[in-house]
Amino acid sequence: MELGLVGLGKMGGNMRERIRRAGHTVIGYDRNPDLADVHSLQELVGALKGPRVVWVMVPAGAATQATIDELAELLEPGDVVVDGGNSRWTDDEKHAQELKEKGIGFVDCGVSGGVWGLKNGYALMYGGDAEDIAKVQPVFDALKPEGDFGSVHAGKVGAGHFSKMVHNGIEYAMMQAYAEGWELLEKVDSVTDVREVFRSWQEGTVIRSWLLDLAVNALDDDEHLEKLRGFAQDSGEGRWTVEAAIDNAVPLPAITASLFARFASRQDDSPQMKMIAALRNQFGGHAVESKSEN
């Protein structure tokens, strides 16, 4: 099939390549002309045959809204817009209604996989009507990991991004647990090789995971994380998860505490946040702050 892809950064660029490797045609647009196949959204839409599918991979909020507003004026009834960024699920409901008034379908898709997705595939959580999902399905199949799992039609519009939001909240708590354990091991005199303790957990333990593998990768690069400043950003989805928990009266003590720990990292040079920063860089290519930047 043909796909229009808007946003060719770290995620979007790799997704374009993975979809092309599956034999599909991808026409990409980015504000950076060095990355783009076409030079405007109008040119992108004009290059696609109907019914068109346009996948948006730009930052949540104003950038996504502006892109969808422009596409609403360019696309035709029967076309579909996919928002694969990290939009809030309440925005999805708004975007779906705006596009529906013009006969244009909307699918929201939470995408997980970071900088490793090109090789390993992307975990996909999508929401929307079955008719719209069907038009995008070949692309979902191209992006997902090999095997029976890795993608899900999570429910109605908004369900994809809500599921990805909860996924990221869990990720916050898991990273925090590894970080706290790492700091405690580093603190005591009796443990003389913390990196190899972490490595020993990679096989046969109940806490083995891809995040643990990435923690070992980070420690191989910088055994005591001495090059990093103990500062970790939050993407916003952790906050949204906690807010949703409050709205639905669901207790999330571990996820909430991990979010607050990131806030604390902005007040001092937290050893735990060195590990959080290292993990975020490993899986998502997120920027880290070095000691020299402090």
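How many aromatic pairs does a search of the whole structure find? The search finds 6 aromatic pairs. The model examined here is predicted.

One of these pairs joins tryptophan 55 and phenylalanine 140. A pair of aromatic rings is described by the distance of the centres and the angle of the planes. For tryptophan 55 and phenylalanine 140, the centres lie 5.8 Å apart. The planes meet at 75°, and the pair is edge-to-face. An angle over 60 degrees counts as edge-to-face, so the value of 75° falls in that class. Tryptophan 55 belongs to strand 3 (residues 53–56), and phenylalanine 140 belongs to helix 6 (residues 130–143). The pair therefore ties together parts that are 85 residues apart in sequence. Both tryptophan 55 and phenylalanine 140 are buried. Tyr126 also takes part: ring pairs link Trp55, Tyr126 and Phe140 into a cluster.

Strand 3 was then followed through its neighbours. Both of its faces are covered. Val53 and Trp55 are buried on one side, and Val54 and Val56 are buried on the other. Strand 1 (residues 2–6) runs parallel to strand 3, and 3 bridges join the two. Valine 6 stands opposite valine 56 of strand 3. Strand 3 also pairs with strand 4 (residues 80–83), again in the parallel sense, over 4 bridges. Here valine 53 has valine 80 in strand 4 as its bridge partner.

A ring also meets a charge in this model. The charged end of arginine 262 sits over the ring of tyrosine 172. The distance from the ring centre is 3.7 Å.

The surface was considered next. Val166, Ile170 and Met174 make a nonpolar surface patch of about 210 Å². Methionine 174 lies in helix 7 (residues 159–187). Its relative accessible area is 34%, so methionine 174 is partly exposed. Residues of a patch need over 30% relative accessible area, and methionine 174 therefore passes this cut-off with its 34%.

Glutamine 97 offers another partly exposed position, with a relative accessible area of 43%. This value lies between the limits of 20% for buried and 50% for exposed, which means that glutamine 97 fits neither class. Glutamine 97 is placed in helix 4 (residues 89–100). Along the chain, glutamine 97 and valine 157 are 60 residues apart. In space, their C-alpha atoms are separated by 9.9 Å.

Definitions and conventions
Residues are numbered from 1 along each chain as its sequence is written. This is a predicted model: local features need pLDDT of at least 70, side-chain atom pairs count only at pLDDT 80 or more; totals for chains, interfaces and linings use all residues. Side-chain values use heavy atoms; hydrogens and water are left out. Rings of Phe, Tyr and Trp (its six-membered ring) pair if their centres lie within 6.5 Å; planes under 30 degrees apart count as stacked, over 60 as edge-to-face and the rest as tilted. Buried means under 20% relative accessible area, exposed over 50%, partly exposed in between (1.4 Å probe, protein chains only). A charge sits over a ring if NZ of Lys or CZ of Arg is within 6 Å of the ring centre and within 35 degrees of the ring normal. Patches are made of residues with over 30% relative accessible area and no salt bridge: like charges are joined within 9 Å, nonpolar side chains (Val, Leu, Ile, Met, Phe, Trp, Tyr) within 5 Å. Accessible areas come from the Shrake-Rupley method with a 1.4 Å probe; for residues, only the protein chains shown count as cover. A salt bridge is a side-chain nitrogen of Lys or Arg within 4 Å of a carboxyl oxygen of Asp or Glu. Two strands pair if DSSP finds at least two bridges between them.
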